[in-house]
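The following exercises are to be worked with the sequence and the predicted model at hand. Each task is followed by a solution in steps.

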Amino acid sequence: MRTAVPPVACVGEPRLTAGFAEYGRLDLLAHEEVHGPIGPMEPAQLLQLAEGMQLNGKGGAGFPFARKLRAVLESCERQDLAAVVVVNATEGEPASWKDKVLLTRAPHLILDGAALAAYALDADEIVIGVADDGVGRDSLMEALDERRMPVQTTIVTVPHRFISGEGGALVNGINGLPHIPPGTKKRSSDSGVSGLPTLLSNAETFAQLAVGARLGPYEYAALGTDDEPGTVLLTVTGAAGRPAVVECTAGMPLRDVLDLCEVPDVQGILMGGYHGKWITPEAAEKAEVSRKGLAAVGGTLGAGIIVPLGVDTCPLGEAAQVVRYLAGESAGQCGPCKMGLPDLARAVDLAVAGSQPADVVRAAAGEVKGRGACSHPDGTARFALSAIEVFAEDLRLHSTGDGCGRRVKGVMGLPGAPDANPQKLTLDWSRCDGHGLCAHVVPDFIRLDANGYPAFPATPVPTWLREGALKAVKVCPELALRLAKAE
């Protein structure tokens, strides 16, 4: 369970993080002193503001906020129903911390944005979803005690799982259903919380709306690019010497952010989180922090997550751990998730072990892309495919069966510790008579060579094949096979 919020830094003019250096956490008085007053807006005013700001969702998909707002307004009028505003502050991805920073240090910005939307929609309720990891909930409750909201505002706690932060999963959880995405795609703007038209967006999105309401669209656009005005919140972890949540101006060179966080030489950088894409060190030197700028070098901004990978760990092994985690986070309610993602994790593991070519990974990814009930299979496939592309040289080394010579340190921010006792198979050739029983027990890892003798990679046995490897050791009639600690 996460308890410690990382440090906060800023490159350029602070907006969301304004006042942090002076106050730490901004209570209502400090919040009003730093940001100034804010008043309600009519629907047309708020729509004009959101369009003028070019405000896109900050949770990963980047959907235009004005389009969401208009869809809910139209749905309320068409169905003659009241609206609900939902703030998604669950932040289920282990590598992300930006929303937790806002919850713990600038909760009133989130509440300001939610209040603006609720007033414009004439909503019945505001619901704020937070994770059960205990980070930010107390700060949010304290902020609610300090002020009066325009409508009833409640906090709903959801399990701290990757898929619990998906919009449909959050709505399900609020409605008392399992915290997983719905089995069919549906628009919350038509039917969300309690069957009512629901405006659902990420916590940072509402905070940005509150900043824009004070500045106005023209002053808001004084920072950033023509296509993406304003600032961006980033979570920088991995190999960073100074991991931090960073606010920077959109369009700023990525190198400036990496230098601020003391990122050393790297093998690659994961952009956008576990549903994001890897980029090369060379691409990072040319990249700008914006959706358009990162897409130009093969990356993605996603939920603002940056995970640099140092040179002292096995990159494909790190990627394989993430794919296994994502397969385990499946809702298990559609074929691509229930069967396709475990197959993809298996293919990546065997590619790392040198037992299968990269084409098997590409085929497994192709089986799940575009076929899931939610975006989880697509995101997982995107992550796996970009890993084998960016780390192609590492993959070549693994294909020889010898691996890259580096252990997997487990630096991707996954829950739990990395394998504390990696093991590999060894063979005593003076004993082996080529019975071939071991290859029948664990054919995914042990093959028979042209002479009928066992052949297997020198890399550690994947954890999900460990039991099979142990059985292979036990059935060897000549006691030639052993499981030994991997160095």
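## Exercise 1: A strand residue and its surroundings

Asn88 is a residue of strand β2, which spans residues 84–89. Determine whether Asn88 is buried or exposed, and state which residues it touches beyond four places away in sequence.

Solution.

Step 1. The relative accessibility of Asn88 is 10%. Buried means under 20% relative accessible area, so Asn88 counts as buried.

Step 2. When residues up to four places away in sequence are left aside, Asn88 touches Asp99, Gly129, Gly165, Leu170, Leu200, Ser201, Asn202 and Ala203.

Step 3. One of these partners, Asp99, is itself among the buried residues of α5.

## Exercise 2: The enclosure of α5

Establish how many of the residues of α5 are buried, and what follows for the setting of this helix.

Solution.

Step 1. The buried residues of α5 are Lys98, Asp99, Lys100, Val101, Leu102, Leu103 and Thr104.

Step 2. Seven of the eight residues of α5 are thus buried, and the helix is therefore largely enclosed by the rest of the structure.

## Exercise 3: The two faces of α7

For helix α7, identify which residues are buried, which exposed residues lie on the face turned away from the buried side, and which elements the buried residues pack against.

Solution.

Step 1. Helix α7 covers residues 137–146, and within it Ser139, Leu140, Ala143 and Leu144 are buried.

Step 2. Viewed down the helix axis, the buried residues of α7 fall within an arc of 140°, so they line one face of the helix.

Step 3. The underlying rule is that an α-helix has 3.6 residues a turn, so residues three or four places apart point the same way.

Step 4. On the face turned away from the buried side, α7 carries the exposed residues Asp138 and Asp145.

Step 5. The packing partners of the buried residues of α7 are two helices and two strands by name: α5 (98–105), α6 (107–121), β3 (125–131) and β4 (152–158).

## Exercise 4: The packing of α6 on α7

Describe at what angle α6 and α7 pack, and which residues make the contact.

Solution.

Step 1. The axes of α6 and α7 are 9 Å apart, and the packing angle is about 60°. The two helices are therefore oblique to each other.

Step 2. The crossing of α6 past α7 is right-handed.

Step 3. From α6, the contact is made by Pro107, His108 and Leu111; from α7, by Ser139, Leu140, Ala143, Leu144 and Glu146.

Step 4. By class, the residues of this contact between α6 and α7 comprise five nonpolar, two polar and one charged.

Step 5. A loop residue also touches members of both helices. Asp27, in the loop between α1 (20–23) and α2 (28–35), touches His108 and Glu146, not counting residues up to four places away in sequence. At 29% relative accessibility, Asp27 counts as partly exposed.

## Exercise 5: The pair α13 and α16

State how helices α13 and α16 are oriented, and which residues meet between them.

Solution.

Step 1. The axes of α13 (residues 315–328) and α16 (residues 376–390) come within 10 Å and cross at roughly 170°. This makes α13 roughly antiparallel to α16.

Step 2. In α13, Leu316, Ala319, Val322, Val323 and Leu326 meet His376, Thr380, Phe383, Ala384 and Ala387 of α16.

Step 3. The residues of the contact of α13 with α16 divide into eight nonpolar, two polar and no charged.

Step 4. Leu341, in helix α14 (residues 335–352), is buried, with a relative accessible area of 0%. Leu341 touches residues that include Leu326, His376 and Thr380, and these three names also appear in the contact of α13 with α16.

## Exercise 6: Positive phi outside glycine

For Ser194 and Leu479, state what phi is and where each residue lies.

Solution.

Step 1. Ser194 is not a glycine, yet has a positive phi of about 55°. Ser194 lies in the loop between α8 and β5 (198–202) and is exposed, with a relative accessible area of 59%.

Step 2. Leu479, likewise a residue other than glycine, has a positive phi near 55°. Leu479 lies in the loop between α19 (466–475) and β14 (481–485) and is partly exposed, with a relative accessible area of 47%.

Note on methods: Residues are numbered from 1 along each chain as its sequence is written. This is a predicted model: local features need pLDDT of at least 70, side-chain atom pairs count only at pLDDT 80 or more; totals for chains, interfaces and linings use all residues. Side-chain values use heavy atoms; hydrogens and water are left out. Buried means under 20% relative accessible area, exposed over 50%, partly exposed in between (1.4 Å probe, protein chains only). Helices (H or I, at least four residues) and strands (E, at least two) are DSSP runs, numbered from the N terminus. The arc is that of the directions from the helix axis to the C-beta atoms. Contact means heavy atoms within 4.5 Å. Axes are lines fitted to C-alpha atoms, for helices over the stretch in contact, and angles run from 0 to 180 degrees between N-to-C directions. Angles under 35 degrees count as roughly parallel, over 145 as roughly antiparallel, 65 to 115 as roughly perpendicular and the rest as oblique. A crossing is left-handed if the near helix is turned anticlockwise from the far one by less than a right angle, and right-handed if clockwise. Ala, Val, Leu, Ile, Met, Phe, Trp, Tyr, Cys and Pro count as nonpolar, Asp, Glu, Lys and Arg as charged, and the others, Gly among them, as polar.
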